[in-house]
Amino acid sequence: MSHPRARPNHYTGDPSGRFLLTILTGVAELERETGFDLALTGQHGTGKWLGGIVPYEYIVNTEGYHETNENPLPSVNMTEDDVVRLIHRLVAEEK
């Protein structure tokens with residue numbers, strides 16, 4: 001007997017599986033349409049931050065572009081950029 005995740009149909013034989021597939025298809029279509037809309041309005045590929053939560057290690061500058069956050073963290077002699085570099089280094093040493 002194969003592992004359930006190895007099956008290509010991903011549980012589409014029951015109602016909850018079909019529901020999940022419908023949701024995932026809708027999300028993919030929304031992403032596709034959003035990309036088209038951004039391209040048509042000229043916002044896609046400009047490098048400007050289009051909104052939402054700014055990822056850790058970045059800030060949005062006054063012109064609307066995201067850049068590395070070089071501000072020191074309180075109580076620590078590190079920036080968010082330093083923290084990310086430390087995480088990458090530690091992960092690399094684990095391998």
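## Exercises on a predicted chain

In this predicted model, confidence within the chain is lowest in helix α1, at a mean of 73, and highest in strand β1 (residues 58–60), at 88. For the chain, the mean pLDDT is 76, with 72% of the residues reaching 70 or more.

**Exercise 1.** Determine how many salt bridges the whole structure holds, and describe the one that involves Arg85.

*Solution.* A search of the whole structure returns two salt bridges. In one of them the side chain of Arg85 meets that of Asp81, with an N to O distance of 3.0 Å, which satisfies the criterion because a salt bridge requires the nitrogen to lie within 4 Å of a carboxyl oxygen. Next, place the two residues: both belong to helix α2 (residues 80–94), where they stand four residues apart, about one turn of the helix. Finally, consider exposure, for which the cut-offs are under 20% relative accessible area for buried and over 50% for exposed. Arg85, with a relative accessible area of 56%, is therefore exposed, whereas Asp81, at 6%, is buried.

**Exercise 2.** Establish which residues Asp81 touches beyond its neighbours up to four places away in sequence.

*Solution.* Begin with the position of Asp81, which is found in helix α2. Its relative accessibility is 6%, so Asp81 counts as buried. When residues up to four places away in sequence are not counted, Asp81 touches Glu57, Thr68, Asn69 and Glu70.

**Exercise 3.** Analyse the salt bridge between Arg89 and Glu93 in terms of distance, helical spacing and exposure.

*Solution.* The closest N and O atoms of Arg89 and Glu93 are 3.3 Å apart. Both residues lie in helix α2, and because they are four residues apart there, about one helical turn separates them. As for exposure, Arg89 has a relative accessible area of 45% and is therefore partly exposed, while Glu93, with 53%, is exposed.

**Exercise 4.** Work out where Phe19 is placed, whether Phe19 is buried or exposed, and with which residues Phe19 forms a nonpolar patch.

*Solution.* Phe19 has its place in helix α1 (residues 15–41), the element in which the confidence of the chain is lowest. The relative accessible area of Phe19 is 55%, so this residue is exposed. A residue must have over 30% relative accessible area to join a patch, and Phe19 does form one on the surface, a nonpolar patch with Ile23 and Val27. Together, Phe19, Ile23 and Val27 have about 290 Å² of accessible area.

Terms used:
Residues numbered from 1 in each chain as written. Predicted model: local features only at pLDDT ≥ 70, side-chain atom pairs only at ≥ 80, totals over all residues. Heavy atoms only, no water. Patch = residues over 30% accessible without salt bridge, like charges linked within 9 Å, V, L, I, M, F, W, Y side chains within 5 Å. Areas by Shrake-Rupley, 256 points an atom, 1.4 Å probe, with all protein chains shown as cover. Buried < 20%, exposed > 50% of the residue type's maximum accessible area, 1.4 Å probe, protein only. pLDDT = per-residue confidence, 0-100. Contact = heavy atoms within 4.5 Å.
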